[in-house]
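Here are a few short exercises to work through with the model open on your screen. Have a go at each task before you read its solution.

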Amino acid sequence: TLPICGCDTVDLVSLNTSNGGSWTLEAEIDNSGDVNASNDTLSGQMTMFSTPGVVLTGGGNHCQGEIDTITFTFEGTSPWNLSYTNGTTPQNISNIQANPFQIIVTSSGVYEPIYVADGSGCPADTSEIIGQAVVNFFPSPIIDLGSDSSVCEGYMLDAGAGYSNYQWSSGQSTQIINVSQTNVFSVTVTDTIGCEGTDVVDLEVF
């Protein structure tokens, strides 16, 4: 029993809507002596959408010419509208159905999501936009064994210093090799990132 006027509002129930959901609500007034029961009930449907979000994962070091894949994992109701940046240029993608959603990356940058909204039209809070992918593409080593030529026995081929691995076509694994016979020589070097560089030279040895 509540002493209220026609202009008053009454709190009937509290709902936890943080995860979204759908509720059927009905309120009934029971007054003794009420001769018109047809106006004593109110009912309705309430739908609450959960707050969308996105988490970005991926990144790493790669060699020139390779690709990287970064992954966006969404919360909420599909489809999603996403905005992200590589540190300089914002990009927008609409109507994303896949979850998780992957993007192929071919340039260095610090990739971050900056906005997401889901199919309900609800935008994400900044606290629900998470993650950063640092992507680096490094140039391959440039090796120069010189031009094809005629040389004397004992000629030295030098692949250059500072690489973590050397592999010559003649089987050696050192920076410098001694040339003793006519042949086509090639070397592949690997740097500390794992990027490879190759050169070939045709030598006539006297």
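**Exercise 1. Work out how much surface the protein exposes, and what share of it carbon and sulfur atoms supply.**

Keep in mind that this is a predicted model. Start with the total: the protein exposes about 13000 Å². Next, the share: 48% of that area is supplied by carbon and sulfur atoms. Now turn to the inside, where 27% of the 206 residues count as buried.

**Exercise 2. Decide whether the protein is a compact globule or more spread out.**

Begin with the secondary structure, which comes to 17 strands and zero helices. The globule rule gives 17 Å for 206 residues, but the radius of gyration is 34 Å, well over that value, so the protein is more spread out than a compact globule. Then look at the box: along the principal axes, the C-alpha atoms fill roughly 125 × 30 × 25 Å. Last, check the contacts with a separation of 6 or more: 55% of them are between residues 24 or more positions apart.

**Exercise 3. Find the strands at the edges of the open sheet β8-β5-β3-β10.**

First, get the layout: the sheet has four strands in the order β8-β5-β3-β10, with mixed pairing. Now count partners. β8 (101-105) and β10 (129-130) each have a single partner strand, so one side of each is left without a neighbour in the sheet, and these two stand at the edges. To see how β10 is held, go to β3 (residues 53-57): the two strands run parallel and are joined by two bridges. Zoom in on Val 54 and you'll find that its bridge partner in β10 is Ile 129.

**Exercise 4. Is Asp 40 buried or exposed?**

Locate Asp 40 first: it sits in the loop between β1 (21-28) and β2 (41-48). Its relative accessibility is 13%, and the cut-off for buried is under 20%, so Asp 40 counts as buried. What's around it? Skipping neighbours within four places in sequence, Asp 40 is in contact with Ala 27, Glu 28, Ile 29 and Asp 34.

**Exercise 5. Name the residues that form a nonpolar patch on the surface with Val 10.**

Start from Val 10, in the segment before β1. At 32% relative accessibility, Val 10 counts as partly exposed. Then add the rest: Leu 12, Val 13, Leu 15 and Leu 25 complete the patch. Together with Val 10, these residues have about 420 Å² of accessible area.

Key. Residues numbered from 1 in each chain as written. Predicted model: local features only at pLDDT ≥ 70, side-chain atom pairs only at ≥ 80, totals over all residues. Heavy atoms only, no water. Buried < 20%, exposed > 50% of the residue type's maximum accessible area, 1.4 Å probe, protein only. Contact = heavy atoms within 4.5 Å. Pairing = 2+ DSSP bridges. Rg over C-alpha atoms; globule rule 2.2 N^0.38 Å. Areas by Shrake-Rupley, 256 points an atom, 1.4 Å probe, with all protein chains shown as cover. Patch = residues over 30% accessible without salt bridge, like charges linked within 9 Å, V, L, I, M, F, W, Y side chains within 5 Å. Salt bridge = Lys/Arg side-chain N within 4 Å of Asp/Glu carboxyl O.
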